[in-house]
Amino acid sequence: MKVWCRKLFKSTHQMNEILEGLTRGIAVYETLRTYNGKPFAINEHYRRLCKSLGYLRIEPPTYKDFEKLIYDNLSERIRVVYIYDGRLISYVLQESTENFEVDYVKVDFTTVRRADASSIPPDLKSIGRPDIYLARLTKGDNYDVLLLGSKGQLCEGTFSNVFLVKNNKIVTPSLDSGILDGITRMYVLKFLKENGYSVEERYVEPCEIFYADEVFLTHTSRGIVPVHQVGTLKTLSTSLSENLAKQFEEYIKCLL
Ligand code: PLP
């Protein structure tokens, strides 16, 4: 197995605390990216972390503490985990984006459905969340698999949001489809609107993907990811998505 992250335990005591927390408690997390050594969207990640902890009725860390944790552990990709077992323990993994760098991106639908928002909020980003975890087990050689919601609507991947392009119009599942409020998704929507694209956020039927000209995913580690193939049937053009991916990376760097 490839080792591609560095675990940071400050001491054996901290390691034991984490193990105890994981045995009896719950853990939520955020993954951030750095560009040219600068972390992107700390504020948005902090807000989403507070939301996850809020669902669990756990007092969040202060913004200052969260920010310090990021700056003390800068790396290409930073995973910040908060474990709660009566008190909040933080834990950081320094990771790379290497595993996400593939030339040919294939996705497929999974039969695992996204948990209904009335049972588990889609933006509760917890470690080992069962709907996401079970879907990931069906990933096979796909880059990611797409989950439908309880009404059969298209939702998202296990670590990505999904966009469809049809006749230069861009469509993505709305937040009320029961998806994670992806931070990249939010910035991509802003970037597309600022650049004059027609964008729609709405319920999307899964079959629409088979009529799409292009499909792309969005996630923190890689920004916009053009999709080359859906399932065994559909092979897609990626020309617009490739351009958007490059422009979006520049857009993000300018925001830092
Ligand atoms: N959807 C799910 C279920 C995710 O877990 C993630 C990221 O972890 C995303 C979408 C993409 O979100 P972001 O752009 O904030 O990385």
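**Cores, domain contacts and ligand shell of a predicted model**

Outside the four places on either side in sequence, V107 touches N142, Y143, D144, V145, L146, G157, V227 and V230. Here two residues are in contact if their C-beta atoms, placed from the backbone, lie within 7 Å. The model is predicted: local features need pLDDT of at least 70, side-chain atom pairs count only at pLDDT 80 or more, and totals for chains, interfaces and linings use all residues. Residue numbers start from 1 along each chain, following the sequence as written.

V107 sits in strand β6 (residues 106-109). Strands (E, at least two residues) and helices (H or I, at least four) are DSSP runs, numbered from the N terminus. V107 counts as buried because it has 24 C-beta neighbours inside 10 Å. The cut-offs are 20 or more other C-beta atoms within 10 Å for buried, 12 or fewer for exposed, and partly exposed in between, with C-beta atoms placed from the backbone. One of the contacts of V107 is G157. The two are 50 residues apart in sequence, yet their C-alpha atoms are 8.8 Å apart in space.

V107 also belongs to the largest nonpolar core, which has 35 residues. A nonpolar core is a set of buried Ala, Val, Leu, Ile, Met, Phe, Trp, Tyr and Cys residues joined through C-beta atoms within 7 Å. The residues with the most contacts inside this core are V107, L154, L164, V215, F216 and V227. Two or more core residues come from each of α4 (130-136), β7 (144-148), β8 (154-157), β9 (161-166), α5, β12, β13 (223-226) and α7 (239-255). Another core lies apart from this one. The second core has 13 residues, including Y46, F66, I78 and Y91.

At the level of the whole chain, the secondary structure comes to seven helices and 15 strands. Buried residues make up 32% of the 256 residues. The C-alpha atoms fill a box of roughly 55 × 40 × 35 Å along the principal axes. The radius of gyration is 18 Å, in agreement with the value near 18 Å for a compact globule of 256 residues. This radius is taken over C-alpha atoms, and the globule rule is 2.2 Å times the number of residues to the power 0.38. Of the contacts between residues at least 6 apart in sequence, 65% join residues at least 24 apart.

The chain is divided into domain 1 (5-99) and domain 2 (102-255). These bounds come from an automatic or database domain assignment. Over C-alpha atoms, the domain centres are 24 Å apart. At the interface, 21 residues of domain 1 are in contact with 13 residues of domain 2. On the domain 1 side, β2 (26-35), α2 (42-55) and β4 (77-84) each supply at least two residues. The largest share there, nine residues, comes from β2. By class, this side has 10 nonpolar, five polar and six charged residues. Nonpolar covers Ala, Val, Leu, Ile, Met, Phe, Trp, Tyr, Cys and Pro; charged covers Asp, Glu, Lys and Arg; the others, Gly among them, count as polar.

The ligand is surrounded by 15 residues. A residue is near the ligand if its C-beta atom, placed from the backbone, lies within 6 Å of it. The closest are L180, G182, I183, T184 and T220. Two elements, α5 (183-194) and β12 (214-219), give two or more residues to the shell. The largest share, three residues, comes from α5. The shell has four nonpolar, nine polar and two charged residues.

Strand β9 holds K166. K166 counts as partly exposed, with 15 C-beta neighbours inside 10 Å. Beyond four places in sequence, K166 touches V171, Y211, A212 and D213. K166 and P130 are 36 residues apart in sequence and 33 Å apart in space, C-alpha to C-alpha.

Two loop residues have an unusual backbone sign. Most residues other than glycine have a negative phi. Phi of N36 is positive, near 50°. N36 lies in the loop between β2 and β3 (38-39) and is exposed, with 6 other C-beta atoms within 10 Å. Phi of N168 is also positive, near 65°. N168 is placed in the loop between β9 and β10 (169-173). N168 counts as exposed, with 10 C-beta neighbours inside 10 Å.
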